[in-house]
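Visitor: Please take me through one part of this model in close detail. I am new to it, so explain the terms as you go.

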Amino acid sequence: MPQGTGRPARTARVAAVLVAAVLVAAVLSLTAAPATAAEDTSPAAPSGSRAPAVPLRVATYNIHAGAGEDQVFDLDRTAAALRDLRADVIGLQEVDVRWGERSDFTDEARALADKLRMRVFFAPIYDLDPAAEGAERRQYGVAVLSRHPVLHAENHEITRLSTQTPDPVPAPAPGFAEIVIRVKGVRTHVYSTHLDYRADPSIRAAQVDDMLGILADDRGPSVLVGDFNAEPSAPELAPLWHTLRDAAPDAGLTYPAIAPQKRIDLITVSDGITVTGARTHATDASDHRPVVADLRLPRGGR
């Protein structure tokens, strides 16, 4: 749930120029992957055609920086849990990229992409100075893994209350990941988010408004997944349901991973997307359980 809390770190805010540089580097470093049956870069079906809807399996998983319920860092265990989902696209939260000792300064986004033979886009929430002179920058955020070619990727800003500065105030900050993929001719937007964990819902309410403003620019099918740190019935999430639909209302509880009590990890979809099945996956590879949903995308998305 918490976003990088409880870890000492030097305070740093990302300047706009540095954010832009990180995003360009991230897009350019999308991991290559061999072609699979899931990939198809053919053009969209002609308007008015009766071509069948396009299947897509999506998942969301807060990976707890690669540590399980036992607090042991084991990225192979994380990768195995992800592999079991057999998903085409996976939104990840609490991803460390050379963040610190808790994850052995591993670039988790790249490592998981390599283990799963998927492409990856990493969207840092925090981008801090190196722990030692000459080392690489310490980053923490969200990511999206994809078996499909990524046409576009962007790290959007939404309102956040930093966990890395004393006496923080709400302010725009990065860490809302978007990728655009083409699935058998259907151009599809996939977002990964991690909303504020505090009891006060006001920051989450602002984040929901910010996300909906970004999604309003979409054309074609959209899928928003993530750790919302609130259950679907929470008042601060209510505006979502005017635009999106809960894809897994009966899939089961997600937090904590052992004997879960809440459903705070959600997959949501835009109008026109059909949900043919959804489930949680019982694993203690994190303190959350992953959620996976089988979708059918409407033809004609741009």
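Guide: Here is a close look at the aromatic cluster and the sheet around it, with a shorter stop at a second sheet.

This is a predicted model, in which local features need pLDDT of at least 70 and side-chain atom pairs count only at pLDDT 80 or more, while totals for chains, interfaces and linings use all residues. Residues are numbered from 1 along each chain as its sequence is written, and side-chain values use heavy atoms, with hydrogens and water left out.

Start with the rings. A search of the whole structure finds four aromatic pairs. Rings of Phe, Tyr and Trp (its six-membered ring) pair if their centres lie within 6.5 Å; planes under 30 degrees apart count as stacked, over 60 as edge-to-face and the rest as tilted.

One of the pairs is Trp99 with Tyr126. Their centres are 6.4 Å apart, with 40 degrees between the planes, and the pair is tilted. The two residues are 27 apart, and the pair links distant parts of the chain. Trp99 sits in the loop between strand S2 (89–97) and helix H3 (108–116). Tyr126 sits in strand S3 (residues 119–128). These labels come from DSSP runs: helices (H or I, at least four residues) and strands (E, at least two), numbered from the N terminus.

Are these rings buried or exposed? Trp99 is buried, with a relative accessible area of 1%. Tyr126 is buried too, at 8%. Buried means under 20% relative accessible area, exposed over 50%, and partly exposed in between (1.4 Å probe, protein chains only).

Tyr126 has a second partner, Tyr140. Their ring centres are 6.2 Å apart and their planes are at 20 degrees, so this pair is stacked. Tyr126 lies in S3 and Tyr140 in strand S4 (residues 138–146), so the pair ties together parts 14 residues apart in sequence. Both tyrosines are buried. Ring pairs thus link Trp99, Tyr126 and Tyr140 into a cluster.

A charge joins the picture. Arg138 lies over the face of Trp99, at 4.6 Å from the ring centre. The test is that NZ of Lys or CZ of Arg is within 6 Å of the ring centre and within 35 degrees of the ring normal.

Now the sheet. Six strands form an open sheet in the order S3-S4-S2-S1-S12-S11, with mixed pairing. Two strands pair if DSSP finds at least two bridges between them. The edge strands are S3 and strand S11 (274–280), each pairing on one side only. The twist averages 20 degrees from one strand to the next. S2 and S4 pair in the antiparallel sense over seven bridges. Val95 stands opposite Gly141 in S4.

Two helices cross this sheet. H3 lies across S2, S3 and S4, running at about 140 degrees to S2. Helix H2 (75–85) lies across strand S1 (54–62), S2, S4, S11 and strand S12 (291–297), at about 155 degrees to S1. Axes are lines fitted to C-alpha atoms, for helices over the stretch in contact, and angles run from 0 to 180 degrees between N-to-C directions.

Which residues of H3 are buried? They are Glu108, Ala109, Ala111, Leu112, Ala113 and Leu116. The buried residues of H3 pack against H2, S2, S3 and S4. Here contact means heavy atoms within 4.5 Å. After H3 comes Arg117, whose phi is positive, near 55 degrees.

Tyr61 is in S1. Tyr61 is buried, at 1% relative accessible area. Tyr61 and Leu92 are 31 residues apart in sequence, yet 5.1 Å apart in space, C-alpha to C-alpha. Leaving aside neighbours within four places in sequence, the contacts of Tyr61 include Ala81, Leu82, Leu92 and His288.

Last, the second sheet. Six strands form an open sheet in the order S5-S6-S7-S8-S10-S9, and the pairing is mixed. Its edge strands are S5 and strand S9 (244–246). The twist averages 25 degrees from one strand to the next. Helix H4 (residues 202–215) lies across S5, S6, S7, strand S8 (222–227) and S9, at about 150 degrees to S5.

Thr159 is in S5 (residues 150–160). At 16% relative accessibility, Thr159 counts as buried. The side chain of Thr159 makes a polar contact with the side chain of Asp210 (2.7 Å). A polar contact is a pair of N or O atoms within 3.5 Å; within protein, one must be able to donate a hydrogen and the other to accept it, and residues adjacent in sequence count only if both atoms are side-chain atoms.
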